[in-house]
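Welcome! Here are some short exercises to work through with the structure on your screen. Try each task yourself before reading its solution.

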Amino acid sequence: MASSLRGKGSRQENTNDKNDNLKQLTLKQTPSGVASASPSEHESKILAELGKLREENREGHEQTRRSLTTLESSMQELKGEMAKLEKRTTEAEKRIGASEDNGMRHQRAIRYLLHREMNLTARCEDLQNRSRRNNLRIYRVPEGSEGNDAKAFVKELIHSVLQSMADVNIQIERAHRSLTAKPKNPNAAPRSLVVRFQDYSVKDAVLRQAWSQRQVLYKAEPIFFDHDYSPELQKKRAQVREVIKQLKQKNIRAKCIYPAQLRVITEDGEKTYSTLTHALPALRELGIQARVDERERMESELSRYRWSTAGERRGINPAVLSAKDLRAFFSGDE
């Protein structure tokens, strides 16, 4: 019992010694002239600092939560906008695809219509020139020479200037000057005389005789006989004759074949070109300049495609409009 009391007393003494040493150490560490703070004041400061940190932490947490809420709502709005944009993009793609299909359909329709227009124009030109088969034109006859009776004047003219035609019974249906304005300049070229014969064979005989004579004179001035072509065909033949002039200057034989074909005769043989557009590469090699209008170029390009029915064609023929395209145009389907 006594020993245990002695042990407790020694431990108490050791504790007191430690406390004294701690107090002395604290006093030594405190700057001179400043009294050491009591333990309660020190703990209060620590608690106050911890309270401030807790409050700042709470405010930061609230701010972070509000920011996350705002971000979440922004993300939802962005998702909604993205969904709208995706829907609009899908609709735009559909409309663009439909527009492209319509564009291709319109291109096929335009190509088809161009082929039809070219074909119908060619038929009209052919019919117009066939209706003029009994006609011929006489060029360079002075204005006013026919007086008031062009038919009688033309009969007398043919009988007098063409050999072997004096005894031929010439039946003329009508005769008149070309339907253009009378030139006011007396030095201008006179209008041509258009003559329609009742019999084609008589007209052909007159024309052959005029060509065979090489030179036909009226009042010591040369006059010329030729077929009565349509204005469009006359324009094409004039372009071909211009090329023939240039070829003759280079000692190359050439002639104009009906309707407006160019035949070139060289040492290698003859070659006939259906249009001047087809002859352009060969003419360039010979150093010949040819004038070709844009419509003739287009017709030459379109003429490469042949007409065929839908059952006969193989692949895609630009001259044929499909039944699907026709239904789309008439029903308004896209």
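**Exercise 1. Find how strand S2 is joined to strand S3, and then look on the S1 side.**

Step 1: Strand S2 (residues 172–177) and S3 run antiparallel, joined by five bridges. Helices (H or I, at least four residues) and strands (E, at least two) are DSSP runs, numbered from the N terminus. Two strands pair if DSSP finds at least two bridges between them.

Step 2: For one of the contacts in detail, go to alanine 175, whose bridge partner in S3 is valine 195.

Step 3: Now turn to strand S1 (residues 135–139), which is antiparallel to S3 and joined to it by four bridges. Isoleucine 138 has leucine 193 as its bridge partner in S3.

A note on the model: it is predicted, so local features need pLDDT of at least 70 and side-chain atom pairs count only at pLDDT 80 or more, while totals for chains, interfaces and linings use all residues. Residues are numbered from 1 along each chain as its sequence is written, and side-chain values use heavy atoms, with hydrogens and water left out.

**Exercise 2. Work out which residues of S3 point each way, and whether they are buried or exposed.**

Step 1: In a regular strand, side chains alternate between the two faces of the sheet.

Step 2: In S3, Leu193, Val195 and Phe197 point one way, and Val194 and Arg196 point the other way.

Step 3: All of them are buried, where buried means under 20% relative accessible area, exposed over 50%, and partly exposed in between (1.4 Å probe, protein chains only). Because five of the five residues of S3 (residues 193–197) are buried, the strand is largely enclosed by the rest of the structure.

**Exercise 3. Describe the sheet that contains S7.**

Step 1: The strand order is S6-S7-S8, an open sheet of three strands with antiparallel pairing.

Step 2: Strand S6 (253–257) and S8 are the edge strands, each pairing on one side only.

Step 3: S7 and S8 are joined by five bridges, and threonine 266 stands opposite glycine 269 in S8.

**Exercise 4. Which residues of helix H6 are buried, and what covers them?**

Step 1: Along H6 (residues 276–285), the buried residues are Leu276, Thr277, Ala279, Leu280 and Leu283.

Step 2: They lie on the same side of H6 because they cover an arc of only 135° around the axis, taken from the directions from the helix axis to the C-beta atoms.

Step 3: Their cover includes helix H5 (231–249), strand S7 (261–266), strand S8 (269–273) and helix H7 (294–302), with contact meaning heavy atoms within 4.5 Å.
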